[in-house]
Each structure stands twice: as structure tokens, then as C-alpha cells.
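I opened this notebook to keep track of what I looked up, one entry at a time. Each entry takes up one part of the structure.

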Amino acid sequence: MANYLANQIGYFPTYYASSSTSTWTTTWNAWNYTSTGTTWGNWTTTAATTTFPQVVWNQWVNDVLRDPYQFHQQTEAEEEAQRVRNAQLEERAAKHRADAAQAVERAETLLHENLRPGQRRMLRERRRFYVRSQRGRRYEIERGHHANVWEVDGSGKRLNRLCVYPTGGLPEADCMLGQKLHLEYDEDRFRQVAHITPVVA
Amino acid sequence: MAIHEMRTMGSSGDTKLLWDSEQDAEVDNARRTFNDLRARGYTAFAVRKGGEKGAQVREFDPEAESLIMVPQIAGG
């Protein structure tokens, strides 16, 4: 369809590109019939009037640009094939949405299973939770896939932002759990990989 | 019978692999999966439910209660 439209909105009739007899016949007729209802007809029969450029232009727009679909009448078989194709695409899109929703749900469950009650409550109420790291530092992980980890002081004031995330296009909650586990049990590696930006006061 | 689990993170959410530590075939299968993931850059963490104390593990332990396999991390 994209090629078809591209041809229609260019400056040559579709029959140059189309293998459909009905398409190029209609286009050819729109150009060449001598009645005043065609581009050529307007060109030749109204040439003596002062308005012919507008008439010809308007006819061209009507014939080719305004309604490109008029040059291609789908057969019943083509319409049926399109309906089947649309149904398949809709089914695939629905499955994709369902799979994505399940992935999010599984990740949220896994994250919640691995949080302490206080962390779960903070996540629910403030969309973030604190983590005490392997080296005794305190971090805040907020909802997000990356650029969502902050090193904080005892009062919760943000000191540094750490940009690091597990690869693989994980759901948000899996990213957050991966960050938490690294901070608790593999902090040196986490900080080695992270892009660390001090917070400017 | 003691059932253990390995949760591997992925784009469709985690996949779960269970094994009975008394069944050699199941343990072998879990060990193969663990080693394969480790070779692909995953980091393994032994955890307990409720966020209780865990550990990073480099060797497969058939008696680990629950393992979480996290893909390689990258700086943003």
C-alpha cells in the first residue's frame, strides 16, 4: 500500500507502476478522456477561458491527489485477505500486550519477595526504597530502569547519582532488584561499572 | 525431598528452574544452566525470601534455597 500511495501522490499516473488492469485503465481515463470531467478534457476544452489553469489544477487534484484510493478498487479476495491479515496482526498485538503485562507482574512479584517489609512499604508509598550496601553505604533505588540509583547520607540527602543497570531489556522491577542485589553483595563491581555523578548542591 | 529454585531474569520476566537436591539428574541440569548463564556474564545471588541476608555465589550450590541470576550490568 505504501508504494501504491507513493505513486499516486507523485506526478505520474499509477499505471506506470501498477500491474492491475483496472487501476491503470481508470488512471489513463482520468487523464485522457475528452469530457470536461477529466484532466485532459479540462485542459483542452477550457483553454480559452481565463480560469483554465485553476480548472485543470482542481481536476488534477480531484483525480489523483484528493482520493488516491479511487484508482484501486480492491477485489473481494483482496479485501478478505486484508481482513485475515488484520485479524492476525490484532491477535499478535494482543498476545504481545498480555506477555508484557505478565512479565511486569512476574518482575514485581520477584522484587517484592526480596524486599524487607519496610522496603516494600516505602516502595508502595514513595516509589523508592533504601538499601544498606555491602560496604556500609546507604543507597536509594527509585522506580526506573537506569539512572535511578542514588547514594545518600544518613538523613537521606542525595550525594551521588549512579547510572548502572542490568542489560537484556528487563522489566523495571527486575532492574531494581538486580541493582539492589549488586549493592548488597557485589558493591565494588557495581561502582566500578557505574557512571557516578556528584549531586551539585 | 528438598526443592530449590533458580530465577533467571529476562525480558519476559524471570524464568524459574526447580530442582530436587536428592535427584542427581535434576541437580546436573541445574548446574549446567547455572554454568551456562555464568559464562554468559550473569551474576548469581543466593537469597532468602523477605530480603534476608544473601550472598553472591560463583559456584553452583545444589543446596542453595533460592538463586537469582542477574544479567551483566552496564554503565548508563
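**Entry 1: the strands around β4 of chain A**

I began with β4(A), which pairs with strand β5 (residues 195-198) of chain A in the antiparallel sense over four bridges. Within this pairing I found A:N160 standing opposite A:P198 in β5(A). I noted before going further that this is a predicted model.

I then looked up strand β3 (residues 149-152) of chain A, which is joined to β4(A) by four bridges and runs antiparallel to it. Here the bridge partner of A:V149 in β4(A) is A:L162. β3(A) and β4(A) make a hairpin with five residues between them, and A:G156, in the turn, has a positive phi of about 95°.

Following β4(A) further, I came to a pairing across the chains, since this strand and strand β6 (residues 73-75) of chain B are joined in the antiparallel sense over three bridges. In this pairing A:Y165 stands opposite B:A74, and A:P166 stands opposite B:I73.

**Entry 2: how far to trust chain A**

I looked up the confidence next, and chain A averages a pLDDT of 82, with 66% of the residues scoring at least 70. Over residues 1-18 of chain A the pLDDT is below 50, and this stretch has 23 contacts in the model beyond near neighbours in sequence. I keep in mind that where pLDDT is low, the predicted coordinates should not be read in detail.

**Entry 3: where the two chains touch**

How many residues does each chain bring to the contact? I find 33 residues from chain A and 24 residues from chain B. On the side of chain A that touches chain B, α5 (76-113), β4 (158-166), α7 (172-185) and α8 (187-193) each supply at least two residues. The largest share of that side, seven residues, comes from α5(A). Sorted by class, the side of chain A that touches chain B has 16 nonpolar, ten polar and seven charged residues.

**Entry 4: the sheet of chain B**

I turned to chain B, where five strands form an open sheet in the order β2-β1-β5-β3-β4, with mixed pairing. Which strands stand at the edges? They are β2 (15-20) and β4 (52-57) of chain B, and because each has a single partner strand, one side of each is left without a neighbour in the sheet. Direction ignored, neighbouring strands of this sheet are turned by 25° against each other on average.

I checked one pairing in more detail: strand β1 (residues 3-8) of chain B and β2(B) run antiparallel and are joined by six bridges, and B:I3 stands opposite B:D20 in β2(B).

Two helices that pack on this sheet are worth an entry of their own. α7(A) touches β3 (43-48), β4 and β5 (66-70) of chain B, and its direction makes about 85° with that of β4(B). Helix α1 (residues 24-39) of chain B touches β1, β2, β3 and β5 of chain B, and its direction makes about 140° with that of β2(B). I also looked up the span of α1(B), which has 16 residues and reaches 22 Å from its first C-alpha to its last, close to the 22 Å expected at 1.5 Å a residue. Just after α1(B), B:G41 takes a positive phi of about 95°.

**Entry 5: the first hairpin of chain A and two unusual phi values**

Back in chain A, I looked at strand β1 (residues 128-132), which pairs with strand β2 (residues 138-142) in the antiparallel sense over five bridges. A:F129 stands opposite A:I141 in β2(A). These two strands form a hairpin with five residues between them, and A:G136 in the turn has a positive phi of about 90°. Along β1(A) the side chains alternate, with A:F129 and A:V131 buried and pointing to one face, while A:R128, A:Y130 and A:R132 point to the other and are not buried.

I closed with backbone angles, remembering that most residues other than glycine have a negative phi. A:R127, in the loop between α6 (117-126) and β1 of chain A, has a positive phi near 60°. Is A:R127 buried or exposed? A:R127 has 11 C-beta neighbours inside 10 Å and therefore counts as exposed. A:A147, in the loop between β2 and β3 of chain A, is not a glycine either and has a positive phi of about 55°. With 15 C-beta neighbours inside 10 Å, A:A147 counts as partly exposed.

Note on methods: Residues are numbered from 1 along each chain as its sequence is written. Chains are lettered from A and ligands numbered from 1 in the order in which they are written. This is a predicted model: local features need pLDDT of at least 70, side-chain atom pairs count only at pLDDT 80 or more; totals for chains, interfaces and linings use all residues. pLDDT is the predictor's confidence in each residue, from 0 to 100. Two residues are in contact if their C-beta atoms, placed from the backbone, lie within 7 Å. Ala, Val, Leu, Ile, Met, Phe, Trp, Tyr, Cys and Pro count as nonpolar, Asp, Glu, Lys and Arg as charged, and the others, Gly among them, as polar. Two strands pair if DSSP finds at least two bridges between them. Axes are lines fitted to C-alpha atoms, for helices over the stretch in contact, and angles run from 0 to 180 degrees between N-to-C directions. A residue is buried if 20 or more other C-beta atoms lie within 10 Å of its own, exposed if 12 or fewer, and partly exposed in between; C-beta atoms are placed from the backbone. The expected span of a helix is 1.5 Å times one less than its number of residues.
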